[in-house]
Amino acid sequence: GTSSAAEDIITPSVQVSYTQLLIDGNFVDAASGKTFPTLDPRTGEVIANVAEGDAEDINRAVKAARKAFDEGPWPKMTAYERSRIMLRFADLVEKHSEELAALETWDNGKTYQQSKTAEIPMLARLFRYYAGWVDKIHGLTVPADGNYHVQTLHEPIGVAGQIIPWNFPLLMFAWKVGPALACGNTIVLKTAEQTPLTAFYVGKLFLEAGLPPGVLNIVSGFGPTAGASLASHMDVDKLAFTGSTDTGKVVLGLAANSNLKPVTLELGGKSPFIVFEDADINKAVELAHFALFFNQGQCCCAGSRTYVHEKVYDEFVEKAKARALKRVVGDPFKKGIEQGPQIDSKQFEKVMRYIRSGVESNATLECGGDQIGNKGYFIQPTVFSNVKDDMLIAQDEIFGPVQSILKFRDVDEVIRRANETRYGLAAGVFTKSLDTANRVSRALKAGTVWVNCFDVFDAAIPFGGYKMSGNGREKGIYSLNNYLQVKAVVTPLNNPAW
Ligand code: NAD
């Protein structure tokens, strides 16, 4: 049960082999020689010290990426060759899935089961999906007025800067790197300071797969130094960012004030999960639980406002509480564990502050609310009922295992309330009525609406936000647009017979 702390910590069966920056095909120290520790969220102890990249390292990495773009061979290789390298990489990911899963769990705290059965397969799948696009990206011939031959060339943008968060280190790597490579760009990727380890490992696998040096450069380091240098770099042609809305505003400003590089943003959320009176209640309880508690609640699209119709509200609250009480928390390497620790002390403190805020604003604390044990960052699965829209816990992104259940009366009301947020990343709709499902999914201002399901993340399905949850879409065909320039080439046709 939830009372079991992570007393006996399992030692992962993996070595930390790569802790240096990957620049121009080599693992190198930071120019400053500095390192910083990455911590085990189960204990707060140091796993390894990794190179702390800053402005000078970003410069070196951008230079390498520029050279690999301008001089090739990457953008000049045949599409088929580039596709083959991505496919070989996916095979290597599968070959090394156990080490990768162990490293991801060690650095992040998510369950080994999840790393092994969801994230590693999705990483390989995403690269195979984008490998399939490489030789299908092409322009058009355009029937313009006048006697012209007009064609469009779909060209890579150039050097892509990518900044990723800590909650899904490998999947965020995949969502960014997959489409950028497919379109023929070169990359400088900055990992999150909490989780630098797995990106280096897969960077090594990419070299093994035959990716030319300089195409994928990986810099670990902090936001205000390495991250800001990348966002404001004059020789970076495109920026993709995932993280908090506040930092999203900062990087957008840095891009605007440097060279106006286009920016795609995947930011925070406060996604509604709406349960109508005709829903299968047991399924809705289970999926609402999953929608919120998955990945320790550290999902940008977490279903963090559970709206339940008044007729089924009491039954739902009771069952949601019972489910949360059954959630098994502990060492994420242990079999049967559903929830590991939060990522770090900062996030742990933030979640605990929101729990106190919920209690102080008179929401009903149904269960949980405390730390588990006294080591690492484990939090009891927490459920609040009688939550009102104007409470902080119903407005802010908590990013932790805290479910907020709200009551509603009719469809129009819940559509209005669900949309009354600065965010618009995702939503869940639970009903057996096709009419209700269609009406509500069209009315919600959210980039993804899951009907009678949640967190379905196929590589082909676009993902992204309305409003302050960001702009642009990742995954699927839509992500290719982020990494392509369209060039119109206009040539007179001098023979009047044409
Ligand atoms: P963050 O936005 O600060 O960090 C995300 C990435 O941005 C990291 O790589 C970080 O180093 C980098 N960064 C930070 N400051 C930067 C700057 N000035 N210039 C350039 N890059 C910078 O997020 P966080 O502090 O790790 O987490 C805070 C909150 O963000 C969380 O509580 C959660 O609400 C939200 N969050 C959302 C997502 C998501 O997927 N949408 C992911 C992680 C965190």
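What radius of gyration does the chain have, and what would a compact globule with 498 residues have?

## Overall form

In this predicted model, the chain has a radius of gyration of 24 Å, which agrees with the value near 23 Å for a compact globule with 498 residues. Along the principal axes, the C-alpha atoms fill a box of roughly 75 × 55 × 40 Å. The secondary structure comprises 14 helices and 20 strands.

Buried residues account for 57% of the chain. Of the contacts between residues at least 6 apart in sequence, 74% link residues at least 24 apart.

## Surface and charge

The exposed area of the chain is about 19,800 Å², of which carbon and sulfur atoms supply 52%. There are 52 positive and 56 negative side chains, and the centres of these two sets are 2 Å apart.

## Cysteines

The whole structure contains 0 disulfides. The sulfur of Cys299 has its closest cysteine sulfur in Cys301, but the separation is 5.3 Å and therefore too far for a bond. For Cys367, the closest cysteine sulfur is that of Cys299, at 19 Å, which is likewise too far for a bond.

Cys299 is buried, with 4% relative accessibility, and Cys367 is buried at 6%.

## The surroundings of Ala363

Ala363 lies in the loop between α11 (345–360) and β14 (364–367). This residue is buried, its relative accessible area being 10%. Leaving aside residues up to four places away in sequence, Ala363 touches Gly358, Phe384, Ser385, Asn386, Val387, Met391 and Ile393.

Ala256 is 107 residues from Ala363 in sequence, and their C-alpha atoms are 42 Å apart in space.

Note on methods. Residues numbered from 1 in each chain as written. Predicted model: local features only at pLDDT ≥ 70, side-chain atom pairs only at ≥ 80, totals over all residues. Heavy atoms only, no water. Disulfide = S-S within 2.5 Å. Buried < 20%, exposed > 50% of the residue type's maximum accessible area, 1.4 Å probe, protein only. Helix = DSSP H or I, 4+ residues; strand = E, 2+ residues; numbered from the N terminus. Contact = heavy atoms within 4.5 Å. Rg over C-alpha atoms; globule rule 2.2 N^0.38 Å. Areas by Shrake-Rupley, 256 points an atom, 1.4 Å probe, with all protein chains shown as cover. Lys, Arg positive; Asp, Glu negative; His and termini not counted. Charge placed at Lys NZ, Arg CZ, Asp CG, Glu CD.
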